[in-house]
Amino acid sequence: MKRINLALQGGGAHGAFTWGVLCRLLREEDIEIAAISGTSAGALNAAALKSGWVANGRAGAIENLDWLWEQIGAITDPRFSDWVSSLTPTAHLWAQAMAASPAYVGFDVTTRLFSPYVYGPALRNPLERLVKQFHYDVVCGAQGPALYICATNVRSGKIRVFSDAEIKPEVFLASACLPSMFQAVEFEDPETGKSEAFWDGGYTGNPALFPLFDKDLPDDVLIVNINPLHRETLPVDSQSILNRINEISFNSSLLRELRAIEFVKRLIHDKAITDGSMKNVLVHMVADDGLMNDLNVATKTVPAPVVLARLKEAGEAAADTFLAAHKDDLNTRSTVDLAGMFN
């Protein structure tokens, strides 16, 4: 049995890519998921996986993930999703059409010009209805993978990682709270006993890797990356520029932690620290930067069934490629060239 930890990025509706990755991983009977760190959409995927896993093992986890994305807007019946997908244009053309639609342009302009505190409760987070349906006795329970949910404390600017009994509906809403769209999520933080305000966890941990360094957890961390690290095309219009700023911002915390891991690995290799004094993290990544370069902020914001279906399909394909190439490397060595990434 190969034991791994998962690190699931946030990225709005693009989290459907992670849905596909998880469904493919869950079909590998000899891979056990020990812990999951998730932000925003990654947190939702993590909670759905854990709840289903505890209820009915791997099949239950896949079924619960399908339910989650069905609630968000996906067509999960293959008789219909395959038919719809076959009749629609490429992901790139679909993304361009969505970004240019009058409805989306109007929404985009509104969120840039007006604070969410101006229109008050008129724009509630649509996830609120969904997260209240989670089974928190299971999500917060000891069975199944350990769960860590990331949010950003607005006042301190620091990351806050919630786990165990700390997790409740407000935590998921905080982890997915984009400040240009929604008012900060405020609730009493059990860590401080004070009312705290939180924004999207992507600003400080997308997702946080350090909770997965616990000595009782496996060395392997598999990152599902949905914010492209590299874009070849220079963004020149205001929408593309803002989207790339957000991608860079949401990847920066992850890159900092990966740089720290690479530094520790060099110390271990050079025998500059005592053997076993620090964890030798084995890093893996599943991503599809090509597809994500074809998409845009509109496809992140609007969960169009066609795009969700294609993202899931791409996630399954990316996970399949990773497993074919690197399954034997799990629990043995890193498959991400960290030194090359930072040179």
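A good place to start is Ser180, which sits in the loop that links helix H8 (169-175) to strand S5 (185-189). In this predicted model, Ser180 is partly exposed, its relative accessible area being 37%; this value falls between the 20% under which a residue counts as buried and the 50% over which a residue counts as exposed. Elsewhere along the chain, 63 residues away from Ser180, lies Tyr117, and the C-alpha atoms of these two residues are separated by 9.7 Å.

Attention now turns to a pair of helices. Helix H1 (residues 16-26) packs with helix H2 (residues 41-72) at an angle of about 160°, and their axes are 9 Å apart. Because angles over 145 degrees count as roughly antiparallel, H1 and H2 are described as roughly antiparallel to each other. Their crossing is left-handed. On the H1 side, the contact is made by Ala16, Thr18, Trp19, Leu22, Cys23, Leu25 and Leu26. On the H2 side, the residues taking part are Asn45, Leu49, Trp53, Arg58, Ala61, Ile62, Leu65, Asp66 and Trp69. Sorted by class, the contact of H1 with H2 holds twelve nonpolar residues, two polar ones and two charged ones.

How much of H1 is covered? The helix is mostly covered, with eleven of its eleven residues buried. Among the buried residues of H1 are Phe17, Gly20, Val21 and Arg24, and Trp19, Leu22 and Leu26 are buried in H1 as well. Trp19, Leu22 and Leu26 also belong to the contact with H2.

Technical notes. Residues numbered from 1 in each chain as written. Predicted model: local features only at pLDDT ≥ 70, side-chain atom pairs only at ≥ 80, totals over all residues. Heavy atoms only, no water. Axes fitted to C-alpha atoms, helices over the stretch in contact; angles between N-to-C directions. Helix = DSSP H or I, 4+ residues; strand = E, 2+ residues; numbered from the N terminus. Parallel < 35°, antiparallel > 145°, perpendicular 65-115°, else oblique. Left-handed = near helix turned anticlockwise from the far one by under 90°. Contact = heavy atoms within 4.5 Å. Nonpolar A, V, L, I, M, F, W, Y, C, P; charged D, E, K, R; others polar. Buried < 20%, exposed > 50% of the residue type's maximum accessible area, 1.4 Å probe, protein only.
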